[in-house]
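Here is a friendly walk through a protein structure for someone meeting it now. Have a look at the model, and then follow along paragraph by paragraph.

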Amino acid sequence: SDRIVQIYNGIDLPAFARPPRQGRFLFVGRLEAVKGVDVLLRAFAKARKDYPDITLTILGDGSQHQSLRRLAAELGVLGGTSFRGRVGPQQVLDALVDCDVLVIPSVWPENLPTVALEAMGVGRAIIGSRVGGIPELVDDGVNGLLANPYDEHRLAEHIARLASWPELARRMGEAGRQRVNTYREDVFAERTIELYESVIHDVRGDRSSGPYCSQADTDRSVV
């Protein structure tokens, strides 16, 4: 295990971030069961009873597109929900800049969602599921809020909380923007190069060299 190295994805951070407005929530991803968009719609409907002006934008397409539109209609929130289909990277970034909160309601483990890093890069709070790599990015109560998968009640509470407290959403977004520097492209490239150099040293038999050699390797090289 001391030879396992974890290197996070790197992203090109945007040069600006617009201060968030109030009540604009965003989902980006495939419209498939594992993404939990149906859970999000039910949570959104609950929160909208108390905050009828909030909106939800859904970017992405998939096998559940039509069934999710029908669900939104049944829940009475189709008027506040915008299904925009599949869009390009620039449209995703524009939507992140235009929203207040990104929601990642996945019910199946995600690795390290790039869209979460992008949201942090533009200073947006994140509401996410406590699955996979999402809790590694979202520090609950610091740069976002977490809920267990399928927990539409807690998800609704989180949506309502940030809808009613825009200053909290702003502070969480700023905390995320500060934290995302760890995931810059140059940091990713630097650590990847260091890893390859360490592996080359290992192959050559010089295991005491390189930033990823273990203490045990160093001890053996001294002996």
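Helices and strands here are runs assigned by DSSP, with at least four residues for a helix and at least two for a strand, and they are numbered from the N terminus. The model you see is a predicted one. With those labels in hand, you can find Lys35: this residue sits in the loop that runs between strand β1 (24-28) and helix α1 (37-50).

Before staying with that residue, take in the whole chain. The protein chain contains nine helices and six strands. It has 223 residues, and 43% of them are buried. Its accessible surface comes to about 11,400 Å², with 50% of that belonging to carbon and sulfur atoms. Among contacts with a separation of 6 or more, 70% are between residues 24 or more positions apart.

Strand β1 offers a good example of how parts distant in sequence meet. Val28 lies in this strand. Setting aside neighbours within four places in sequence, Val28 is in contact with Leu59, Val92, Leu102 and Val115. Val28 and Ala116 are separated by 88 residues in sequence, yet their C-alpha atoms are 9.5 Å apart in space.

One of those contact partners, Val92, leads us to helix α3 (residues 89-98). Val92 is among the buried residues of this helix, together with Ala95, Leu96 and Val97. What do the buried residues of α3 pack against? Their partners are β1, β2 (55-59), β4 and α4.

Now back to Lys35. Is this residue buried or exposed? Lys35 has a relative accessible area of 13%, and because buried means under 20%, it counts as buried. Leaving out neighbours within four places in sequence, its contacts are Phe27, Arg30, Pro105, Ser106, Val107 and Glu110. With the last of these, Glu110, the side chain of Lys35 makes a polar contact of 2.8 Å.

That pair has a further description. Side chains of opposite charge can pair when their charged atoms come close. The side chains of Glu110 and Lys35 meet in a salt bridge, at 2.8 Å from N to O. Glu110 belongs to the loop between β4 and α4 and Lys35 to the loop between β1 and α1, so this salt bridge ties together parts that are 75 residues apart in sequence. Glu110 is buried too, with a relative accessibility of 16%.

How many salt bridges does a search of the whole structure find? The search finds seven, and two others are worth a visit. Asp38 forms one with Arg42, where the closest N and O atoms are 3.5 Å apart. Both of these residues lie in helix α1, four residues apart, or about one turn of the helix. Asp38 is partly exposed at 26% relative accessibility, and Arg42 is partly exposed at 31%.

The other is in helix α6. There the side chains of Glu157 and Arg154 meet at 3.0 Å, N to O. Glu157 and Arg154 are three residues apart in this helix, so about one helical turn separates them. The spacing in these two helices fits a general pattern: an α-helix has 3.6 residues a turn, so residues three or four places apart point the same way. Glu157 counts as partly exposed at 47%, and Arg154 does as well at 40%.

Just ahead of helix α6, pause at Tyr150, which lies in the loop between β6 and α6. Its phi angle is near 75 degrees, a positive value in a residue other than glycine. Tyr150 is exposed, with 58% relative accessibility.

Our last stop is helix α7 (residues 166-179). This helix has 14 residues and reaches 20 Å from its first C-alpha to its last, close to the 20 Å expected at 1.5 Å a residue. Its buried residues are Leu168, Ala169, Met172, Gly173 and Gly176. Why do they lie on the same side of α7? They cover an arc of only 135 degrees around the axis, which puts them on the same side. These buried residues pack against β4 (101-104), α4 (114-121), β5 (125-129), β6 (144-147) and α6 (152-164).

How values were computed:
Residues numbered from 1 in each chain as written. Predicted model: local features only at pLDDT ≥ 70, side-chain atom pairs only at ≥ 80, totals over all residues. Heavy atoms only, no water. Expected span 1.5 Å × (residues − 1). Buried < 20%, exposed > 50% of the residue type's maximum accessible area, 1.4 Å probe, protein only. Arc of directions from axis to C-beta. Contact = heavy atoms within 4.5 Å. Polar contact = N/O pair within 3.5 Å; in protein donor to acceptor, adjacent residues only side chain to side chain. Salt bridge = Lys/Arg side-chain N within 4 Å of Asp/Glu carboxyl O. Areas by Shrake-Rupley, 256 points an atom, 1.4 Å probe, with all protein chains shown as cover.
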